[in-house]
Amino acid sequence: MSFIGYVAAIKAAQRGLKTVCIEKRGTLGGTCLNVGCIPSKALLNATHKLHEAQHKFKGMGIITGNVTVDFPQLMKSKETAVTGLTSGIEFLFKKNKVDYLKGWGKFADKHTVEIDVIGGGKDHIKAKNIIIATGSEPNELPASTGLQFDEKFVISSTGALALKDIPKRMVVVGGGVIGLEMGSVYQRLGTEVTVIQHTDRICPFLDQEVGKAFTNALKKQGLKFLFNTKVASGVNNKERGVVINLTDAQSGAPSKIETDVALISIGRRAFTGGLQLDKAGLKTNDRGVLEINGHWQTTVPHALTSSRNRWYLSHPQPANDQLRS
């Protein structure tokens, strides 16, 4: 459940609809607040201040001595920023009379959602209108590469936000904004970061001049880049490191790189698995994205979707005992 979803829930309640939110994470705010924009920006902000103290203060006449990092405290500060915002959404739910159920929601039929409650047991809700806001999850490399997520040594962006120690070396597979953000964070913390990108530049969607300037800024920070390079396979030796076998995208020449942590950041995919969409008559494309029209309606008109995380269920008037059993 992202900011799009919780705003939809609050707006629905403000317009007089009996509104219920189902969220499996146990905290509100979805990917953005929990494992996306907010924690990553908290780390970016903190490490930016660290970088300034280490490299720029002296030039401004500010003498600080040796500036070091308390990594556990850095992560704790990040979590404080997250919990402050997620608890704020819970307050807004209570204020606007939005019911909140912690559990996994899935369709039983077109108007019924079953919930596997986090605390145990099951529940179900019948609703006239349903908003599906289950968002996205990180893409993985094919299983044949041998580089599947364990969130300790081969990690997604979620794992990058929860490392217990600062790695000496990190390889970032993918030159998009998420991988570059986390690579920048760990480079500032002292990690040797190498970015592997299968095209000839990072963030191909950017204007070329902007992309070039961004690349130069990251290089000055210390990041290294391997362009026109593809991942062929790899071996996760865990504490003994990760070996990644590479192929030159132009010549086909093989090479390899060793690292302590491999961050796989190759985009995100729709998070629609396990929702039993077929029981509601809903269809997805080959990427798992729900088919919708220009009004965000699915193939079942009363079931709408958003582009972000989690579930919202709304019904126009009934008392709680009419919604829940």
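1. A residue counts as partly exposed when its relative accessible area lies between the buried limit, under 20%, and the exposed limit, over 50%. Glu137, with a relative accessible area of 25%, is therefore partly exposed. This value, like the others in this note, comes from a predicted model.

2. Glu137 has a charged partner: its side chain meets that of Arg269 in a salt bridge, at 3.3 Å from N to O. Because Arg269 belongs to strand E15 (residues 268-270) and Glu137 to strand E6 (residues 136-138), the pair ties together parts that are 132 residues apart in sequence. Arg269 likewise counts as partly exposed, at 32% relative accessibility.

3. The structure holds 9 salt bridges in total. Another of them joins the side chains of Glu181 and Lys41, with an N to O distance of 2.6 Å. This contact also links distant parts of the chain, since Glu181 is in helix H6 and Lys41 in helix H3 (residues 37-55), 140 residues apart. Lys41 has a relative accessible area of 40% and is partly exposed.

4. A further salt bridge is formed by Lys122 and Asp116, whose closest N and O atoms are 2.4 Å apart. The two residues fall into separate accessibility classes: Lys122 is exposed, with a relative accessible area of 66%, while Asp116 is partly exposed, with 24%. Together with Lys106, these residues are linked in a network of salt bridges.

5. The strands around this network deserve a description of their own. Strand E2 (residues 99-109) pairs with strand E3 (residues 112-117) in the antiparallel sense, over 6 bridges. The connection between E2 and E3 is a hairpin of 2 residues. Asp116, the salt-bridge partner of Lys122, is also the bridge partner in E3 of Trp104.

6. E3 continues the arrangement on to strand E4 (residues 122-126), to which it is joined by 5 bridges, again with the two strands running antiparallel. Here Thr112 stands opposite Lys126 in E4. E3 and E4 also form a hairpin, with 4 residues between them. Within that turn, Gly120 has a positive phi of about 110 degrees.

7. A separate open sheet comprises 5 strands in the order E7-E14-E8-E9-E10, with parallel pairing. Which strands stand at its edges? They are strand E7 (154-155) and strand E10 (224-226); each has a single partner strand, so one side of each is left without a neighbour in the sheet. For E7, the partner is strand E14 (residues 261-264), joined to E7 by 2 bridges in the parallel sense. In this pairing, Val154 has Ala262 of E14 as its bridge partner.

8. Helix H6 (residues 177-188), which contains Glu181, lies across strand E8 (169-173), strand E9 (192-196), E10 and E14. The helix runs at about 165 degrees to E9. H6 thus has two roles in this description: it lies across those strands of the open sheet, and through Glu181 it takes part in the salt bridge with Lys41 of H3.

9. Helix H4 (residues 71-95) offers a check on helical geometry. At 1.5 Å a residue, its 25 residues should span 36 Å, and the end C-alpha atoms are 37 Å apart, which agrees. The buried residues in H4 are Phe71, Leu74, Met75, Lys78, Val82, Thr86, Ile89 and Phe93. An α-helix has 3.6 residues a turn, so residues three or four places apart point the same way. A lysine, Lys78, is listed among the buried residues of H4. After H4 comes Lys97, whose phi is positive, near 60 degrees.

10. There are 4 aromatic pairs in the structure. In one of them, the ring centres of Phe93 and Tyr100 are 6.3 Å apart and the planes stand at 80 degrees, so the pair is edge-to-face. Phe93 and Tyr100 are both buried.

11. Another aromatic pair consists of Phe225 and Phe227, with ring centres 5.5 Å apart and planes at 0 degrees; the pair is therefore stacked. How do these two rings stand with respect to accessibility, buried or partly exposed? Phe225 counts as buried, at 13% relative accessibility, whereas Phe227 counts as partly exposed, at 23%. With a buried limit of under 20%, the values of 13% for Phe225 and 23% for Phe227 place the two residues on opposite sides of that cut-off.

Key. Residues numbered from 1 in each chain as written. Predicted model: local features only at pLDDT ≥ 70, side-chain atom pairs only at ≥ 80, totals over all residues. Heavy atoms only, no water. Pairing = 2+ DSSP bridges. Phe/Tyr/Trp six-rings, centres within 6.5 Å; stacked < 30°, edge-to-face > 60°. Buried < 20%, exposed > 50% of the residue type's maximum accessible area, 1.4 Å probe, protein only. Contact = heavy atoms within 4.5 Å. Axes fitted to C-alpha atoms, helices over the stretch in contact; angles between N-to-C directions. Salt bridge = Lys/Arg side-chain N within 4 Å of Asp/Glu carboxyl O. Expected span 1.5 Å × (residues − 1).
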